Amino acid sequence: KSGDAVRDYLVELVEYNEESAVERAEENTKLAASSITIMITIIIGLIIAIILGLFIANIISKPIGKMVVAADKLAVGDLDVEADIYTKDEIGKLAESFRKLIESTREQALITERIADGDLTVDVAIRSEKDLLGRKLSKMVQELNNLMLNITSAAQQVSAGAKQISDSSIVLSEGSTEQASSIEELTASLEEMSSQTGRNAE
């Protein structure tokens, strides 16, 4: 009987071990499947992140590149530039500020061109207290206007002086003519007196 009990115990132990092995095998299979799923998810996530990163980098770098080209042209005096970027993000705000800079530079270049062509009636708008170029352009226009007024005044004075000299010359000329006539009359009188004296002496 004790032998039967030992045998029964061993059979139960083997069956338990077999059941435990099956359960562990199932758990290991589930764990392996879960690990594979996690790895696939991570790989897919990395691929999506890389694609999104490249897409966002392209969205940012393309308009920035346009503005760099426009800024380089503006730096060498080429005002035929555009910042045609219209977005609602920070890049759009940067492009809007850049468009204002281009427009302001064009306005000041046009004012400078008019001044160079001799148009001193231009009105230079000073955009702020720190607008050094605007203030200097305005001051230059005022000084050029004052210079032109001084030149005009001097020219008028020279013209008036020339007229006075001309009038004096005419007066002197008339006086010289009168003196010549008087001398001729005096000479004629002297000649007549000399002739009369000669006749009286005879």
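Phe55 is found in helix α1, and this residue offers a convenient point of entry into the model, which is a predicted one. Helix α1 covers residues 2-75, and it belongs to a chain that contains three helices and zero strands, so that, read from the N terminus on, the order of the elements is α-α-α. Of the 202 residues in the chain, buried residues make up 13%.

Phe55 takes part in a nonpolar surface patch of about 1100 Å², in which it is accompanied by Ile36, Ile40, Ile44, Ile48, Leu52, Ile56, Ile59, Ile60, Ile64, Val68 and Leu94. The largest share of this nonpolar patch comes from α1, which supplies eleven residues. Helix α1 also holds Glu18, and this residue belongs to a surface patch of another character, a negative one, which is formed by Glu12, Glu15, Glu18, Glu19, Glu23, Glu26 and Glu27. With a relative accessible area of 49%, Glu18 is classed as partly exposed, because the range for that class lies between 20% and 50%.

Attention may now pass from the surface to the interior. The largest nonpolar core has ten residues, namely Met67, Ala70, Leu74, Val81, Ala83, Ile85, Ile91, Ala95, Phe98 and Ile102. Two elements, α1 and α2, the latter spanning residues 90-116, each give two or more residues to this core. The greatest contribution is that of α2, from which four residues come.

The loop between α1 and α2 can be examined through two of its residues. Leu79 is found in this loop, and at 24% relative accessibility it counts as partly exposed, since a residue must fall under 20% to be called buried. Although Leu79 and Thr105 are 26 residues apart in sequence, their C-alpha atoms are 7.8 Å apart in space. Glu82 also lies in the loop between α1 and α2, and it leads to the question of charged pairs.

How many salt bridges does a search of the whole structure find? The search finds three. In one of them, Glu82 is paired with Arg106, and the closest N and O atoms are 3.4 Å apart. This pair links distant parts of the chain, because Glu82 is in the loop between α1 and α2 while Arg106 is in helix α2, with their positions 24 residues apart in the numbering. Glu82 is exposed, its relative accessible area of 55% being over the 50% limit, whereas Arg106, with a relative accessible area of 26%, is partly exposed.

Another salt bridge joins Glu96 to Arg99, and here the closest N and O atoms are 2.7 Å apart. Glu96 and Arg99 are separated by about one helical turn, because they are three residues apart in helix α2. As for their accessibility, Glu96 counts as partly exposed at 35%, while Arg99 counts as buried because its relative accessibility of 17% is under the 20% limit.

A further salt bridge is the one in which the side chains of Arg127 and Asp131 meet, with a distance of 2.8 Å from N to O. Buried or exposed, into which class does Asp131 fall? Asp131 is buried, because its relative accessible area is 4% and the limit for that class is 20%. Its partner Arg127, by contrast, is partly exposed, with a relative accessible area of 48%.

Taken together, the features described for this predicted model include a nonpolar surface patch to which α1 gives the largest share, a negative surface patch that contains Glu18, a largest nonpolar core to which α2 gives the most, and three salt bridges.

Definitions and conventions: Residues are numbered from 1 along each chain as its sequence is written. This is a predicted model: local features need pLDDT of at least 70, side-chain atom pairs count only at pLDDT 80 or more; totals for chains, interfaces and linings use all residues. Side-chain values use heavy atoms; hydrogens and water are left out. Patches are made of residues with over 30% relative accessible area and no salt bridge: like charges are joined within 9 Å, nonpolar side chains (Val, Leu, Ile, Met, Phe, Trp, Tyr) within 5 Å. Accessible areas come from the Shrake-Rupley method with a 1.4 Å probe; for residues, only the protein chains shown count as cover. A salt bridge is a side-chain nitrogen of Lys or Arg within 4 Å of a carboxyl oxygen of Asp or Glu. Lys and Arg count as positive and Asp and Glu as negative; His and the chain ends are not counted. The place of a charge is taken as NZ of Lys, CZ of Arg, CG of Asp or CD of Glu. Buried means under 20% relative accessible area, exposed over 50%, partly exposed in between (1.4 Å probe, protein chains only). A nonpolar core is a set of buried Ala, Val, Leu, Ile, Met, Phe, Trp, Tyr and Cys residues joined through side-chain atoms within 4.5 Å.
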